[in-house]
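Hi everyone, thanks for coming. I'd like to walk you through one structure today, so please have a look at it while I talk.

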Amino acid sequence: MKITVIGTGYVGLVSAVCFAELGHEVMGVDIDEAKVAKLKQGISPIYEPELPELLKRNLDAGRIRFTTDLAEALPNSKVVFSAVATPPNEDFSADLKAVFIVAESVAALADHDIVFVNKSTVPVGTGKRCEELIQKKLQERGVDFAIPVVSNPEFLREGHAVHDTMQPDRIVVGINGNNEAKELMEEMYRPLTRATKPIVWMQRESAEIVKYASNAFLANKISFINMMSELCEATGGNVRDIARGMGMDDRIGPRFLHAGIGYGGSCFPKDVKALIALSRETGVALPLVQATHDINQHQRERYFKKILDALPSNATVAIWGLSFKPRTDDMREAPSLDLLPMLTAAGHSVRAHDPIAMENAKAIVGDGIEWIEKMMDSARDADAVVVLTEWDEFRGADFKKLKEVMKGNLLFDGRNIYDPAEVEEVGLTYYGIGL
Ligand SMILES: NC(=O)c1ccc[n+]([C@@H]2O[C@H](COP(=O)([O-])OP(=O)(O)OC[C@H]3O[C@@H](n4cnc5c(N)ncnc54)[C@H](O)[C@@H]3O)[C@@H](O)[C@H]2O)c1
């Protein structure tokens, strides 16, 4: 089937490449010319494990092509996916400008019936608004193509995106009573549904809410254990033991129960914020969601305060980890973006290292930071090391060597990945969370 994917970012590119791998003929469209130029050469503009091989294979096989021109992509496309970003506005609501532009552009250029699929995370009601915009544009043009709007929210995790797309836990599709669209979605996903899970069909409004509900629930689990971490610090408990003791209960499960400096990234913070905005807009109280956000902010702030309070003046601080989580170069809402300027403003020198995200971090943070290629080099002569991302290479740090190269002895483990006893055995002072 011929498919167009608009927006070739973390979601759109992975989806497009995986659809091609499943045998579809795919056009990837993006307004970012530099991105499209790279993609045409088979270079992935983002870091995502397994993606480069898949991209190359499908380009070579001619199953995927990229363009900046939607008009070139649309002819014969039966399904058009919109996977543009929906970042948070100042007032926490989701910025839907790109989604609406894409819906209108498809209606402006369509020359046949198309199923328009929202893959972006959008507040409930957005599908309806897209449908209205599309109808208006078609009427202006005096044409009557059928362009139903379907919701197919994406659940992939950066760092595992290819796996999650090829072996999804679930495929949620929200359609308001259009059988042809339903059949096309079924046909499109058949290579996956044959082998794995069936599609979970629902109303479009429900599909839009499922995505936010899932992310808010996971973020809530993180905030819950972070809330307990503060109680542990005040009372002598150990949050790792709390998490183990809770997580062994099948009804709770161990995942997303790791205390740390809180969640970041391009999804949890913005989706929690968008739900808070939706609560305001609809008048429906969502106190758990507000609390999830507040606890996350508080957790980050109180740990950063702990770091700033413990540092000697004019300290040299090594930062291990810049991306918001391991296995990605995504810097959106990464804790490092808050901490780095706080450290430099307090007169400290920062030597930052990340295995993958350094270029992206440099582009955002710019001057005033030393960017160090190797983890141990960044710790040389440092008064303190701060772990902000739990990359595997940090997990196996040689503490003896670390103590030798450092000038000072402070180790801040913002992700609770180390055993305090092992760290302290070599003469380092350990600062974890909830221990
Ligand atoms: N990143 C994730 O892990 C993830 C997971 C699930 C869902 N989502 C959701 O998917 C959506 C996309 O997220 P992302 O992380 O891939 O964003 P992204 O910023 O990485 O990618 C968006 C892309 O869309 C392009 N774009 C913007 N306007 C365009 C237009 N008019 N025409 C063509 N291209 C255009 C941008 O240039 C960019 O390449 C968001 O709603 C997000 O919440 C993201």
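Let me start in a loop, the one that runs between α4 (70-73) and β4 (79-82), where you will find Asn76. Bear in mind that this is a predicted model. Asn76 has a phi near 70°, a positive value in a residue other than glycine. As background, most residues other than glycine have a negative phi. How buried or exposed is Asn76? With 13 C-beta neighbours inside 10 Å, Asn76 counts as partly exposed.

There is another residue to set beside that one. Glu333 sits in the loop between β9 and α13, and its phi, near 55°, is again a positive value in a residue other than glycine. Glu333 counts as buried, because 21 C-beta neighbours lie inside 10 Å and the cut-off for buried is 20 or more.

From that loop we can step into helix α13, residues 335-345. Which residues of α13 are buried? They are Pro335, Ser336, Leu339, Leu340 and Leu343. If you look down the axis of α13, these buried residues fall within an arc of 115°, so they line one face of the helix. The general rule behind such a pattern is that an α-helix has 3.6 residues a turn, so residues three or four places apart point the same way. And what do the buried residues of α13 pack against? Two helices, α12 (287-310) and α14 (358-365), and two strands, β9 (316-320) and β10 (349-353). Just after α13 comes Gly347, with a positive phi of about 90°.

Now let's take one of those partners, α12. Two packed helices are generally described by the angle between their axes and the distance between the axes. For α12 and α13, the angle is about 35° and the axes are 11 Å apart. The crossing of this pair is right-handed. On the α12 side the contact is made by Arg300, Phe304 and Leu308, and on the α13 side by Pro335, Asp338, Leu339 and Met342. By character, the residues of this contact divide into five nonpolar, no polar and two charged. Pro335 and Leu339, then, appear both among the buried residues of α13 and in the contact with α12.

Another partner of α13 was β9, and Val317 has its place in that strand. Val317 counts as buried because it has 26 C-beta neighbours inside 10 Å. Leaving aside neighbours within four places in sequence, which residues does Val317 contact? They are Leu311, Leu343, His348, Val350, Ala382, Asp383, Ala384 and Val386. You may recognise Leu343 from the buried residues of α13. Val317 also offers a long-range pair: its C-alpha atom and that of Gly408 are separated by 9.6 Å, although the two residues are 91 apart along the chain.

Let me move to another helix, α3, residues 51-60. Here Leu54, Leu55 and Asn58 are buried. Seen down the axis of α3, they fall within an arc of 100°, so these buried residues line one face of the helix. On the other side of α3, Glu53 and Asp60 are exposed. What covers the buried residues of α3 includes α1 (12-21), β3 (64-67) and α7 (161-166). Just after this helix, Gly62 takes a positive phi of about 75°.

Two charged residues next. Glu33 lies in helix α2, residues 33-40, and is exposed, with 9 other C-beta atoms within 10 Å. The C-alpha atoms of Glu33 and Thr68 are separated by 6.5 Å, and these residues are 35 apart along the chain. Lys270, in helix α11 (residues 268-282), counts as buried, with 22 C-beta neighbours inside 10 Å. Not counting residues up to four places away in sequence, Lys270 touches Pro87 and Pro88. Its C-alpha atom is 9.8 Å from that of Tyr212, 58 residues away along the chain.

I've saved the ligand for the end. How many residues surround the ligand? There are 26, and the closest are Gly7, Gly9, Val11, Ser120 and Thr121. Helix α5 (residues 97-109) gives the largest share of this shell, three residues. In character, the shell divides into 13 nonpolar, eight polar and five charged residues.

That's my tour, and I'm happy to go back to any part of it.

Key. Residues are numbered from 1 along each chain as its sequence is written. This is a predicted model: local features need pLDDT of at least 70, side-chain atom pairs count only at pLDDT 80 or more; totals for chains, interfaces and linings use all residues. A residue is near a molecule or strand if its C-beta atom, placed from the backbone, lies within 6 Å of it. Helices (H or I, at least four residues) and strands (E, at least two) are DSSP runs, numbered from the N terminus. Ala, Val, Leu, Ile, Met, Phe, Trp, Tyr, Cys and Pro count as nonpolar, Asp, Glu, Lys and Arg as charged, and the others, Gly among them, as polar. A residue is buried if 20 or more other C-beta atoms lie within 10 Å of its own, exposed if 12 or fewer, and partly exposed in between; C-beta atoms are placed from the backbone. The arc is that of the directions from the helix axis to the C-beta atoms. Two residues are in contact if their C-beta atoms, placed from the backbone, lie within 7 Å. Axes are lines fitted to C-alpha atoms, for helices over the stretch in contact, and angles run from 0 to 180 degrees between N-to-C directions. A crossing is left-handed if the near helix is turned anticlockwise from the far one by less than a right angle, and right-handed if clockwise.
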